[in-house]
Amino acid sequence: MASPIEYLKGVGPLRGDLLKKELNIFSFGDLLEHFPYRHVDKTRVNRIKEIHPQTDYIQVAGRLTSYQVMGAGRARRIVAHIEDSTGSLELAWFQGISWVEKMLVEGNEYLVYGKTGFFNGRPQMVHPEIEPFTPAKAEGKVFLEPIYPTTEKLKAKSLNGRQIGKLSFQLLSQLRENDLPENLPDRLIQELKLISRYEAYRQIHYPQSQEEFDQALRRLKFEELFIAQLRLNLTRIQRHKSSRGVVFEKVGDLFNRFYSAYLPFELTGAQKRVLKEIRTDTAKGHQMNRLLQGDVGSGKTIVALLCMLLAADNGYQSCMMAPTEILAQQHFNSLNSLLGDMPVKIALLTGSTKSAARKRILHELKNGEIHFIVGTHAVIENAVQFNNLGFAVIDEQHRFGVAQRAKLWEKASTPPHVLVMTATPIPRTLAMTAYGDLDYSVMDELPPGRIPVATVHRNETARAKVMDFVRSEIDKGRQAYFIYPLIEESETLSYEDLMQGYEQVKSFFPEPKFWISMVHGRQPADQKEANMQRFVKGDTQIMVSTTVIEVGVNVPNASVMVIESAEKFGLSQLHQLRGRVGRGSEKSFCILLTGSKASADARERIKIMCATNDGFKIAEKDLELRGPGDIEGTRQSGMLNFKLASIVADREILEVARAKAEAMVEADNDLSSAENLPLKSYLLSQKGKTAWSKIS
Ligand code: ADP
Ligand code: MG
């Protein structure tokens, strides 16, 4: 399997180099894992007359009646016609012209496969795959012929999607069963009715029937997901067993005093449950790594604060990190006001902390005077040293990179407990894969008395009415947000958009009756903060901003949010934004404005937003619509790039893989039992292939 690819019959050094460069195929094993993206049923050839405007991909066979190379430069193309007894089809190629031309002989029969289109009412195929037609019988036993991903350069060297199949055929014909030993325990194979690894690899390339292919795919997808889950669960269990962690053995004076005399409300059942989970975890002597999921407004902050008090009771410092200065500042303010005159020293450290203050803070952190430090990335800079950091909270974690989180570990001789809080829920399958080695808490309950935000969709043409409505809310003493999208390609465009928006809002809400705050990414931090504070204090009734406002901002008196160009926002972002209203006791409103040109996807997103306030549901939908690759915070991790499996489409297989992996690791912590040994040696042989198990 490790043999270099050029040693395979039919490859050689030239093609070998190309396969390496173009497809990352270095070895026999790599070729084996270069899976076909589809199979052509050679027994099924359609007739040309069957092509109609709704036809997608189709395979037809026919006689070449003519071909011609035409045009020059970029317009150079080869146009050919084939016909069968029912009609004629035009074929065109704009690339790889010379090798197509070499193959074409007028009067010969060809098999073509491709996507059909219509041009001037006549069917046409652009860039079809083409090969001389030999009826299926002559090809031996192959009925489902594999077609592989390839590139233009490889095509030019006679390695098109079909021709790569000749190589995989060669490889499979020389492969013996012990080249691909079974890695899953017998029991599991029996129980789940899986085919063997060896069979699966053969059948995924060259199945004899659709059923064989489906079985092969199921087996290999399961294996892929199961191995990943096994690694994650091994990491998690190993950490439970072997990592040293600081021990929070007692609930002390600070916690108790705060709980009985300062806590402004009764905790929800979910908050109490999570708190208990954390207390149990932090008393064990192992380092805690926990993901806390809760919807917008479920009250994660207070849970974090109580944990920090617990740390302080046990003589340890805590830090809380937020992704933006505004949010760090706000956490600092709200922790401060919650703590009142409690004997706890808390400090704020961000990029804009002035150097004298910064110096003092660093000094007090080092000597242990400061109990809680709240801040941005500034908190994990090298210069920051703690006396004894015991608890770290990472809020709205998707903005933090893995490397940044890893830095936390270096801040204390014994790594601190880490609580990672998500801004909005992430789908279960995603959590299972992306954070599968963390322990997991969910707050699935909102504090009592919340009235769901009423969400509506309005066309821009109704702007005047929308403004009237906003005015009526402001007249009742409420406040309003106007949110503008960040235009990804251009900060300047975003800025202009926002400025225009600001002028427009101002024309509807003129001073001195109305006052407007504006916050955006180009402002210096202190200006941002000042504008923010004017809105928080109620000195301004309107906040015009870009999405910098998105995370965590808390102004309970704000009851309307107007989201401009709502079609430009993702689902979870819309939900996160909407979470800025509906924080008080008044009924709140979210108005999604769009032009009339929104795409089908965008309309679907808006429909979902209008239909539900449930962040867990929205997260699932978001994953469905966008696919895992685009979900924020997981993109960089690369841990969702499965070769065959998809955490969206193969959700059921993933659930089974997770359950089986968990049970296996629970029963046999280090896979040392006889039946698990093949699995263990497989994992060890694959080491380094997936170095992503360390997330926090
Ligand atoms: P998030 O989970 O989105 O970070 P926050 O921690 O900001 O939510 O809490 C949202 C609001 O709910 C805050 O104003 C907070 O004081 C309030 N809150 C939190 N827990 C409770 C509770 N148990 N009862 C009533 N209000 C609560
Ligand atoms: Mg929050």
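These notebook entries record what I looked up in a predicted model.

**Entry 1. Helices α8 and α22**

I began with the pair formed by helix α8, residues 210–242, and helix α22, residues 651–667. I found that their axes come within 8 Å and cross at roughly 40°. The two helices are therefore oblique to each other. I noted the crossing of α8 and α22 as right-handed. On the α8 side, I listed Lys221, Phe222, Leu225, Phe226, Gln229, Leu230, Asn233, Leu234, Arg236 and Ile237 as making the contact. On the α22 side, the contact is made by Ile653, Leu654, Val656, Ala657, Arg658, Lys660, Ala661, Glu662, Met664, Val665 and Glu666. Sorted by class, the residues of this contact divide into 13 nonpolar, two polar and six charged.

**Entry 2. Helices α9 and α11**

I next examined helix α9, residues 253–262, against helix α11, residues 300–313. These helices pack at an angle of about 145°, and their axes lie 7 Å apart. From α9, I recorded Asp253, Leu254, Phe255, Phe258 and Tyr259. They meet Ile302, Leu305, Leu306, Leu309, Leu310, Ala312 and Asp313 of α11. By class, I entered ten nonpolar and two charged residues for the contact of α9 with α11, with no polar residue.

**Entry 3. Asn160**

I located Asn160 in the loop between α4 (152–156) and α5 (163–174). Is Asn160 buried or exposed? Its relative accessibility is 9%, so I counted Asn160 as buried, the cut-off being under 20%. I then asked which backbone atoms the side chain of Asn160 reaches. A polar atom of that side chain lies 2.9 Å from the backbone nitrogen of Arg162. The side chain of Asn160 also reaches the backbone nitrogen of Gln163, at 2.7 Å. Leaving aside neighbours within four places in sequence, I found Asn160 in contact with Trp99, Thr150, Leu154 and Lys155.

**Entry 4. Asn108**

I turned to Asn108, which is found in the loop between α3 (97–103) and β5 (109–119). With a relative accessible area of 36%, Asn108 is partly exposed. Apart from neighbours within four places in sequence, I listed Gly62, Arg63 and Leu64 as the contacts of Asn108. I also checked Thr65, which is 43 residues from Asn108 along the chain. The C-alpha atoms of Asn108 and Thr65 are separated by 8.4 Å.

**Entry 5. Backbone geometry**

I looked up two residues with positive phi that are not glycine, His127 and Leu671. For His127, I read a phi of about 55°. His127 lies in the loop between β6 (122–126) and β7 (129–132). I entered His127 as partly exposed because its relative accessibility is 31%.

For Leu671, phi is about 50°. I placed Leu671 in the loop between α22 and α23 (677–685). Helix α22 is the one I had entered above with α8. Where His127 is partly exposed, Leu671 is buried, with a relative accessible area of 1%.

Finally, I looked up the peptide bond that joins Glu511 and Pro512. I recorded this bond as cis, with omega at about 5°. Pro512 has its place in the loop between α17 (491–508) and β18 (516–519).

Technical notes. Residues numbered from 1 in each chain as written. Chains lettered and ligands numbered in written order. Predicted model: local features only at pLDDT ≥ 70, side-chain atom pairs only at ≥ 80, totals over all residues. Heavy atoms only, no water. Axes fitted to C-alpha atoms, helices over the stretch in contact; angles between N-to-C directions. Helix = DSSP H or I, 4+ residues; strand = E, 2+ residues; numbered from the N terminus. Parallel < 35°, antiparallel > 145°, perpendicular 65-115°, else oblique. Left-handed = near helix turned anticlockwise from the far one by under 90°. Contact = heavy atoms within 4.5 Å. Nonpolar A, V, L, I, M, F, W, Y, C, P; charged D, E, K, R; others polar. Buried < 20%, exposed > 50% of the residue type's maximum accessible area, 1.4 Å probe, protein only. Polar contact = N/O pair within 3.5 Å; in protein donor to acceptor, adjacent residues only side chain to side chain.
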